[in-house]
Amino acid sequence: TTEIYTLSLHDALPISTASAVMTTTPPHSVAATRKPPTSPAPFQPKCDIRAQAQRSAAADAAPQVNNAISLARWNQAINAAAKAGFPDRAERLLSELECAGLAPDSITFNSVVHAYAKQGNIHRAEQWLLRMRTRGVQPDVISYNTLIDALVRQGEMDRATDLFRDMSLKGVTPDLITYSTLIKGYCMVGDLDCAFDLFEEIHCMHFVVDADRSEEHTSELQSP
């Protein structure tokens with residue numbers, strides 16, 4: 001009699017093998033838990049990167065550009081008041097400029113100095129020259145030339161000479177207008193020796209003259 005034995009898979013395999021078969025995770029479940037690959041970042045041409053950098057720099061510089069434009073407009077209004085002979089208005093506009101959050105520059109202060117010097121108010125012009133320094137703005141050659149011319153007009157050659165020496169001590173180099181104004185003043189008071197000394201000093205110096213700027217500044221000083 002033939003005996004037929006029916007063995008299950010668990011009976012046919014060793015215990016360790018059977019356990020492995022029973023506990024092994026199906027292939028489809030492993031694939032389900034695997035993370036999808038990360039897509040690479042899209043390619044960005046260099047021209048786009050450069051354009052973004054330029055836009056960012058322009059955005060950062062925009063407030064400074066706007067302030068510069070605003071200051072230029074204020075300076076035009078202050079200069080117009082100075083030329084029209086209204087120093088009080090020029091001074092008031094400068095105060096309003098500061099209230100607007102802007103910092104006056106040498107052009108701003110020079111207009112106010114010129115406004116008072118033009119009216120012959122040398123004391124007030126000198127006060128504004130000193131105020132420039134207290135506000136952290138260094139007077140330039142135009143600042144000194146304006147005040148020296150006002151002193152020369154009133155025959156104050158001693159004070160004009162002192163201011164001429166002071167500008168050199170403060171590191172401001174006199175220009176051709178400075179010397180011409182002083183020479184004119186010495187000739188007016190009859191001190192030809194001092195006038196000749198300055199004339200000789202001019203020949204020992206090498207001036208680079210900006211014709212347009214010199215003509216404009218000279219016309220302002222000579223205006224009544």
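**Exercise 1. Work out what share of the residues in the protein is buried, and describe the fold around them.**

Step 1. In this predicted model, buried residues make up 29% of the 224 residues in the protein.

Step 2. The surface that the protein exposes comes to about 14,900 Å², and carbon and sulfur atoms supply 57% of that area.

Step 3. Turning to secondary structure, the protein has twelve helices and zero strands.

Step 4. Among contacts with a separation of 6 or more, 59% are between residues 24 or more positions apart.

**Exercise 2. Describe helix H10 from its N-terminal cap to the residue that follows it.**

Step 1. Begin with the cap, where a side-chain oxygen of Asp175 lies 3.2 Å from the backbone nitrogen of Ile177, so that Asp175 caps the N-terminal end of H10 under the 3.5 Å limit for a polar contact.

Step 2. The helix itself covers residues 176-189, and its 14 residues reach 20 Å from the first C-alpha to the last, which is close to the 20 Å expected at 1.5 Å a residue.

Step 3. Along H10, the buried residues include Ile177, Tyr179, Leu182 and Tyr186.

Step 4. After H10 comes Gly190, which has a positive phi, near 85°.

**Exercise 3. Place Leu182 of H10 within the largest nonpolar core.**

Step 1. The largest nonpolar core has 41 residues, and Leu182 is one of those that touch the most other members, together with Ile78, Val112, Trp128, Ile148, Leu163 and Met167.

Step 2. H10 is among the helices that each supply at least two residues of this core, and others include helix H4 (46-83) and helix H11 (192-203), while H8 gives the most, with seven residues.

Step 3. When neighbours within four places in sequence are left aside, Leu182 is in contact with Ile148, Met157, Ala160, Phe164 and Leu198.

**Exercise 4. Classify the two aromatic pairs of the structure.**

Step 1. A pair of aromatic rings is described by the distance of the centres and the angle of the planes.

Step 2. For Phe109 and Trp128, the ring centres are 6.0 Å apart and the planes stand at 45°, so this pair is tilted. Phe109 belongs to helix H6 and Trp128 to helix H7, 19 residues apart, and the pair thereby links distant parts of the chain. Phe109 and Trp128 are both buried.

Step 3. For Phe164 and Tyr179, the centres lie 5.5 Å apart with the planes at 75°, and the pair is therefore edge-to-face. Here the link runs between Phe164 in helix H9 and Tyr179 in helix H10, 15 residues apart, and both residues are buried.

Key:
Residues numbered from 1 in each chain as written. Predicted model: local features only at pLDDT ≥ 70, side-chain atom pairs only at ≥ 80, totals over all residues. Heavy atoms only, no water. Helix = DSSP H or I, 4+ residues; strand = E, 2+ residues; numbered from the N terminus. Buried < 20%, exposed > 50% of the residue type's maximum accessible area, 1.4 Å probe, protein only. Contact = heavy atoms within 4.5 Å. Areas by Shrake-Rupley, 256 points an atom, 1.4 Å probe, with all protein chains shown as cover. Expected span 1.5 Å × (residues − 1). Polar contact = N/O pair within 3.5 Å; in protein donor to acceptor, adjacent residues only side chain to side chain. Core = buried A, V, L, I, M, F, W, Y, C linked by side-chain atoms within 4.5 Å. Phe/Tyr/Trp six-rings, centres within 6.5 Å; stacked < 30°, edge-to-face > 60°.
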